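Please open the model in your viewer and keep the selection panel at hand, since each stop below begins with something to select.

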Amino acid sequence: MTINLLTNLSFYIPEMIAIVTMCSLLFMETAYANNERRRTFVYVTGFIGMLLCLFSLYKNLGIDSQGIFANAVVIDSFSTMMKMTMVIGTLGTFYISHKSIDIYDELKSEYLIMAVGVLVGGMLLASSNNMLTLYLGVETLSILSYVMTSLKRRDHLSSEAGIKYALYGGVTAGIMLFGMSHLYGLFGSIQFPDIIAGIKALEGFNIAVILSLLMFFVGIGYKIACFPFHMWSPDVYQGSPVPVTAFFSIVPKIAGIAVVARVTYSFFGTENMTTQVWNSMIAVIAALTMTVGNLSALNQKSVKRMLAFSSIGHVGLILIGVLTFGGKGMSSILFYTLIYTFMTLVAFFVTTMIVNRTGSDDAIYFRGLAKTHPILGVSMLIALFSLAGLPPFGGFIAKFNIISSAVGQGLYTLSVIAAINSVISLVYYLKLARTMVFDDADGEAKIESYSLASRVYVIGMVIPIIFLGLFWNNIYHLYSSAKIYLN
Amino acid sequence: MSGLLNWILWTPVIGILAILLIPSKNKMAIRYTALATTAVTFVWTILLYCNFDTSVAGMQPDFLVKVPWIGDFNIFYSLGVDGISMPMTILTGLLFFICILSSWTVEKNVKAYFALLLMLQSTVFGVFFALDFFLFYVYWEVMLLPMFFLIGIWGGENREYAAVKFFLYTFFGSIIMLIGIIALYYSAENPVDAFNILAHQGGKFTDKTVMLFGSEWAFNKLFFWAMFLGFAIKVPVFPFHTWLPHAHVQAPTAVSVILAGVLLKMGTYGFLRIAFPIFPAAAVEYSTIIAVLGVISVLYGAFCAMAQSDVKKLVAYSSVSHMGFVMMGMAAMTTQGMNGAVLQMFNHGTSTAMMFLMIGVIYERSHHRWIVRPDGSKGYGGLAKHMPTYTTIFIIGMFASLGLPGLSGFISEALIFLGIYERFTTITVIAVMGLLIGAAYLLWMYKRMFFGEPSEEVLSYSDMNYREIAYMLPLCVAVIVFGVYPSPILNIMRASVGKLVELMAQFQ
């Protein structure tokens, strides 16, 4: 047993690196005086830790799918790839937090600690194979998220958002736990394989199973902010500091999607009543999430809020991939999340720059950005067009993959809804784009924090968006070779 | 020679890179670079024309390009040209060259303007050459970006609304088309040809898709309309035309020329290359609807044009009317009708380009486009007395667009009527009324603008300068030469159009 655990640990290196990084950051935070020099140190440590984590995840890609720690955690290439995207997202927000005035200087290292903590929770969530680890992941993710939301503590919106988030989170986690306990009662096990076997054996319409599964979904649905559990998200996104908003729209979402995908695919592999109920529920939720998210985004003045609603729309689209997971869905989810990460990072970085200058993220402050700051403006344009799904940018390929997986499974209604939603989303993206390009700037206000490194960062984030829009064969090939562990 | 299509496609891109390297203060250098680029591109298209084998009905074997792009999806970078895309290629080469010359007076952000125009040219060529659905779609969509900025930055007073409307309309149509493309992808018999436009032609679908939809006909029907929507918005056919007047009126002159001259043809080209040959059964079944929509476009566009007091809007509506003739010619599915449709695509490209350019010339002098101002007074008047050169060239363009025998518009319209008469007699009779109304609104406009005594304002306008005459001349020549002797164009399209007509005849 001891030896077994040790060998198991060798597959768990990425998570351990993340945990060690978090702990050493915590140590540095307390041990050194709070000054500029320490902050640099903290950032460098965090950066190196995340790079190591990314590298060890990459190493993990090669190993066979298996369950570790008494089958409580699975290591398979699907979860490893999702984790890699999460780590890239975390790394990306590091720089944004470094630049943002939304996070007070003395709290910057705390942001890093908590971001890595959320990442650990997300990684656990993405590879959980029983109810307990799943719940543990959700809670690790959530509790730190509540704190991160209120990081801008002198701002009442931020505090309000934190409370709102915590209340919502508490209620949904409770409902989820309730559902889980029912599932345990029904199937006599918290292990996914046992539950899968139980669901497979079901015949006809079992109201108890369906109800407890629905309650279980509430918790995850809240994390990925899908309709009807999305109400918290605009307020939290608007109240949080910009880097936190960027972080929230990437890491917890990807982790949640990984869980929904794993559960949907593994629990409901057989054709029976329960599967039909679950799948049609996901389909309806996907359609409503897209539509509600995009329609709500139409009239937003705050760019953060607009991006929050748009990310709800994107989750709806990704849920189509969840539904077609057996076909091309898995690779399209992986591709979508990767591209979505880059697009979101660019969009939020530019928003951070605007917030730094004006103190507000209102769309009017984006006026004339393409003229005053061509690199920022063009990057934002590319991010917006990519989010809308226009070629030759990666967002188009992502959308194309999702729609093609849907059409491949005969989900024509959903693909038409997705198509119409693209048009709706284009309306508000274009609105911001025209503000940036067609309107004149108010004065020659330069962004002071816009340094050479910022240029390098934003260009570095835009390059993958364009590159993956043109030459996506290799990465798609890698993604379509991903495996998911079912046992 | 085999790389000629690549050269045509990528020369504008090289031009963009060169322009980006020139400092934006050096406006003349940017203009000359753009001019040189389009000149070289035009020479390539002429070279392509000279090496065109008119006996080949399919794609010209010498010019085929096929390189794997995305292996996992069987997406190829595959280009080709045949008798239907060849006239469009020459038209694109010529019009962009002329547009660069006509944009000499643009002073606002010159660098971005010419770079975007060249980008537009490359994407338009891409649409006409692409033989791979994915590539086609990418070019079809990328084209929206330069258009959006060209209208939105350099356009008229209400430019932002027009740019957004244009973008959204086209995007809506094309994303529905995308679903059709993906459905076709899954219907391919041989996975390697999943995105191959030519391999799908012939209206045969595999059993797999038939199983999914119940019958081959159901599949045909559904996705013919998906494609129809994408292309019809672009043409634009009657109920989908509302974006056009806005886009045309607000766009700067050169962009209006490109929009009317080339971009609208992408819609009808889409019908000829994709919607008709891939879903022939549905196309034949619904040809009546297409013809009816065509004739409504003809009449509705003409009536709308008659009511306009803005001369640019008048010409914009006349485009709706003239593209209606193309739709009718295609719906006829006869040799004359189809030939007429393709020829009309070319001829409308030259004649409407002339009209828009001439409006641009007068706009630069007067800074308004009112035939009759909103307060009821005359906008122009007496131009004929004061500006003889302008009047002469304007008359040529106007009569070409009106369909006067001896000028290009007549031949194509006559062919279309010949072709459609056997199939849809009533529609033909109604559509001929469109010609009459067309003559009416153009002549009425002419009377109001050119006759009478010139006002003092008109007297202050200078006649056309040499640059303006220079870029109008090739179009004048084209309009007159192809009006008398259309064979150079008809010859290259004959074999390809014949093949398409044969295919359609199998399903009648």
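How many residues lie between E1(B) and E2(B) in the hairpin, and which residue in the turn has a positive phi? Four residues separate the two strands, and Asn74(B) is the one in the turn with a positive phi, of about 55°. This is a predicted model, in which local features need pLDDT of at least 70 and side-chain atom pairs count only at pLDDT 80 or more, while totals for chains, interfaces and linings use all residues. Residues are numbered from 1 along each chain as its sequence is written, and chains are lettered from A and ligands numbered from 1 in the order in which they are written.

Stay with the hairpin and select residues 65-70 of chain B, strand E1, together with residues 75-79, strand E2; helices (H or I, at least four residues) and strands (E, at least two) are DSSP runs, numbered from the N terminus. The two strands pair in the antiparallel sense over five bridges, where pairing requires that DSSP finds at least two bridges between them. Lys66(B) stands opposite Ser78(B), and four of the five residues of E2(B) are buried, meaning that 20 or more other C-beta atoms, placed from the backbone, lie within 10 Å of their own.

Next, select residues 487-505 of chain B, helix H23, and centre on Arg494(B), where there is a kink of about 45°, the bend being the angle between axes fitted to the seven residues ending there and the seven starting there. Among the buried residues of H23(B) are Ile492(B), Met493(B) and Ser496(B), and the buried residues of this helix pack against helices H3, H12, H13, H16 and H22 of chain B.

Finally, select chain A, whose secondary structure comes to 20 helices and two strands.

How values were computed:
A residue is buried if 20 or more other C-beta atoms lie within 10 Å of its own, exposed if 12 or fewer, and partly exposed in between; C-beta atoms are placed from the backbone. Two residues are in contact if their C-beta atoms, placed from the backbone, lie within 7 Å.
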